[in-house]
Amino acid sequence: VAPVEVITVLGNLVNNAIEAASGSTRRPAEVVVDLLADGTDLVLSVSNTGDGLAPDRVEAIFVEGVSSRGPGRGLGLPITQQTAAALGGDVRVTNAGGNGWTVLSARLPGVLAVRSPKEAEA
């Protein structure tokens, strides 16, 4: 129902995870993406084996211009959060990396179309 918004959220989360994992010394560098339907809501979870987030940075990563990757960065996650919020959803850090995996999750309400049984058969 909202393909541009879904791609914006998913694309930014995946791009962020790839940069975090590839920039880390942990090997193998891994990114795992889970997409789950909950009725018409889409729940996305993107995990990476990067260096993780310090507790004081968990909220800061959603502030425009805040980045550990240098000047001119720090736009993707704020845009991701704004896009999710515009749909009535949210993006949050569900694991800051304490167990080796950093996990960001998003819930995008109402973005999945309800298919009739006939449409599902086709």
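**Close-up views: one cavity and the salt bridges**

**View 1. Lining of the largest cavity.** L13, N16, A17, V46, N48 and L104 line the largest cavity (1 Å grid, protein atoms alone; a 1.4 Å probe fits but cannot get out; lining residues have an atom within 4 Å of a point). Helix 1 (3–22) and strand 2 (41–48) each give two or more residues to this lining (DSSP runs: helices H or I, at least four residues; strands E, at least two). Helix 1 has the largest share, three residues. The lining has four nonpolar, two polar and no charged residues. The volume is about 40 Å³. The model is predicted: local features need pLDDT of at least 70, and side-chain atom pairs count only at pLDDT 80 or more. Residues are numbered from 1 along each chain, and side-chain values use heavy atoms.

**View 2. The network of D38, D41 and R107.** Salt bridges (side-chain nitrogen of Lys or Arg within 4 Å of a carboxyl oxygen of Asp or Glu) number three in the whole structure. D38 pairs with R107, closest N and O atoms 3.2 Å apart. D38 lies in strand 1 (residues 31–38) and R107 in strand 4 (residues 102–108), 69 residues apart. D41 also bridges to R107, at 2.9 Å between the closest N and O atoms. D41, in strand 2, is 66 residues from R107. D41 is buried at 17% relative accessible area (buried under 20%, exposed over 50%, partly exposed in between; 1.4 Å probe, protein chains only). D38 is partly exposed at 43%, and R107 is partly exposed at 30%.

**View 3. The D90 and R92 salt bridge.** The closest N and O atoms of D90 and R92 are 3.8 Å apart. D90 is partly exposed at 30%. R92 is partly exposed at 47%.

Key
On a 1 Å grid over the protein atoms alone, a cavity is a set of points where a 1.4 Å probe fits but cannot get out, and a pocket is an open set with protein on both sides within 12 Å along at least five of seven lines; lining residues have an atom within 4 Å of a point. Grid points are joined across faces, edges and corners, and a volume is the space filled by probe spheres set on the points. Ala, Val, Leu, Ile, Met, Phe, Trp, Tyr, Cys and Pro count as nonpolar, Asp, Glu, Lys and Arg as charged, and the others, Gly among them, as polar.
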